[in-house]
Amino acid sequence: MVKSQIPNPKFRIAIIGAGPAGTSLAIRLAQENYKVCLIERERFPRQKLCGEFISPECLRHFRDLGVFEEMLTAGGERIAETAFYAASGKRVGVPSKWFNDGDAALSLSRAEMDFRLLERAKSLDVEVFEESSVINLSFVKDVICALKLRAKDGGAKEVCADLFVDATGRARVLGKLVEKQKSQIPNLKSQISNRFVGFKTHLENVGLERGVCEIYFFRGGYGGLSYVEDGLANFCFLVRAGIVRQFNSDAEQIIENLVFQNKRAAETLARARPVRDWLAVSVDSFGEKNLHAAKNLLAVGDAGAFIDPFTGSGMLMAFESAEILAAAIAENYSAETIAEKYKIEHARRFGRRLFVCSLLRRAAFAPGLAGILISALSVGNTPRKFLARATRPREV
Ligand SMILES: Cc1cc2nc3c(=O)[nH]c(=O)nc-3n(C[C@H](O)[C@H](O)[C@H](O)COP(=O)(O)OP(=O)(O)OC[C@H]3O[C@@H](n4cnc5c(N)ncnc54)[C@H](O)[C@@H]3O)c2cc1C
């Protein structure tokens, strides 16, 4: 592994971001006795914008990470089927068992899931710095040697390591800092014209069947509804930024005027009331990002590639990319060989999935196309199963 040129770096690996990618990577490395630190901007548990649908293949990762029992007993909902609804009310169902030999999916708040993973990492002696944001990087030649952190209370800290992992999600904080230092400013114009905004809250009084996750398509976006803990349901939707501006960024207005154009959503959400404030985030782009922005910096999870939320598999990709990076680190010594191995495996595992999603994305934001696709797929199981599995890991 590349040695940083500051004497006695404190950690072998510094991971930034304690979402599913960063924390699961920290757990896997700690299980192999690596000295790891995990740096997170927030204090957990915290609410997080997400559909909170944990696809069935994630359960295998929970087992590996030593959190299986506690995730299943955390009060979430087991999801046997995802039902996609066109605006007209036409429905097509995808059983969870198509993905993982009969296992149901799980719907659990990110507050619970991420907190339980972080507690597991702490129990394995991962050093965790919460409420600490990375604000800068120091280089020696083209190797990163230290991170500068700013704590919420105003304190500053420097963390040194041999290898750094950007697990900051779509924000790609480290990748962007490197690009800025190298003056590689991304083409913002093309990104901004594609912008979407995600909204999410927990609702009471939804008219939803137990054990089903429902996805609604409407003009300019789509949303997902499923029960989580305490009889509440999570409702999360993604919509074009231009439309959001027309409704003054008001989630309730968007629901009344757009989401309710979907007949099924108008039924299930008619009496629903939010029990928390709405969260909102901007989504600038989908697909692959820069996995290897600097010699000893690699990206996992959304920081490496962002898959469309309608697949309900972003967290799965976070767990899988962390797994393949952990394996590459365990097998190799130098940062260069780790990066080579990781990039090859990343492309092999995710290339096809990301490509299929780029084709389906057009339908996801055009209700007419979504309606045609849902009608076509409702004819028989085979095409539906084929398409659903094309958004998932290749069979071994
Ligand atoms: C609208 C929407 C709905 C979705 N629904 C689903 C779904 O139902 N199912 C599913 O599987 N996936 C879903 N996803 C995708 C899923 O949320 C992501 O794929 C997943 O969270 C990626 O995990 P991650 O660990 O890479 O990043 P994140 O979960 O985003 O974690 C990144 C962490 O980094 C921290 N961080 C950021 N900047 C800094 C900094 N400077 N310093 C320190 N820490 C920092 C953040 O606080 C955060 O905790 C959805 C996404 C969107 C946008």
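**View 1. Helices and strands that line the ligand in this predicted model.** Four elements each supply at least two residues of the shell around the ligand: the helices α1 (20-31) and α10 (314-331), together with the strands β9 (132-140) and β15 (233-240). Which of the elements gives the most to the shell? That is α10, with four residues.

**View 2. The residues that surround the ligand.** Here you can see the shell residue by residue: 38 residues surround the ligand, and the closest are G19, G51, G169, G301 and G314. How do the residues of the shell divide into nonpolar, polar and charged? The nonpolar ones number 19, the polar ones 14 and the charged ones five. Both domain 1 and domain 2 take part, with at least three residues of the shell drawn from each.

**View 3. Domain 1 and domain 2 of the protein chain.** Let's step back to the domains for a moment. The domain assignment builds each domain from separate stretches: 1-48, 109-192 and 288-359 for domain 1, and 53-108, 195-283 and 366-396 for domain 2. Taken over C-alpha atoms, the centres of the two domains are separated by 27 Å. Their contact takes 25 residues from domain 1 and 28 residues from domain 2. On the side of domain 1 that touches domain 2, the elements giving two or more residues are α1, α4 (110-123), α10 and α11 (335-364). This side of domain 1 is made up of 11 nonpolar, six polar and eight charged residues.

**View 4. The crossing of α1 and α10.** Two packed helices are described by the angle between their axes and the distance between the axes. For α1 and α10, the axes come within 8 Å and cross at roughly 35°, and the crossing is right-handed. Which residues meet here? From α1 come P20, A21, S24, L25, R28 and L29, and they meet residues of α10 including M315, A318, F319, A322, L325 and I329. The contact of α1 with α10 divides into 11 nonpolar, two polar and two charged residues.

**View 5. Two stretches where pLDDT stays under 50.** The protein chain averages a pLDDT of 91, and 94% of the residues score at least 70. Over residues 3-9, however, pLDDT stays under 50, and the model has 16 contacts beyond four places in sequence for them. Residues 188-193 also stay under 50, with three such contacts in the model. A friendly word of caution for this view: where pLDDT is low, the predicted coordinates should not be read in detail.

Note on methods:
Residues are numbered from 1 along each chain as its sequence is written. This is a predicted model: local features need pLDDT of at least 70, side-chain atom pairs count only at pLDDT 80 or more; totals for chains, interfaces and linings use all residues. A residue is near a molecule or strand if its C-beta atom, placed from the backbone, lies within 6 Å of it. Ala, Val, Leu, Ile, Met, Phe, Trp, Tyr, Cys and Pro count as nonpolar, Asp, Glu, Lys and Arg as charged, and the others, Gly among them, as polar. Domain bounds come from an automatic or database domain assignment. Two residues are in contact if their C-beta atoms, placed from the backbone, lie within 7 Å. pLDDT is the predictor's confidence in each residue, from 0 to 100. Axes are lines fitted to C-alpha atoms, for helices over the stretch in contact, and angles run from 0 to 180 degrees between N-to-C directions. A crossing is left-handed if the near helix is turned anticlockwise from the far one by less than a right angle, and right-handed if clockwise.
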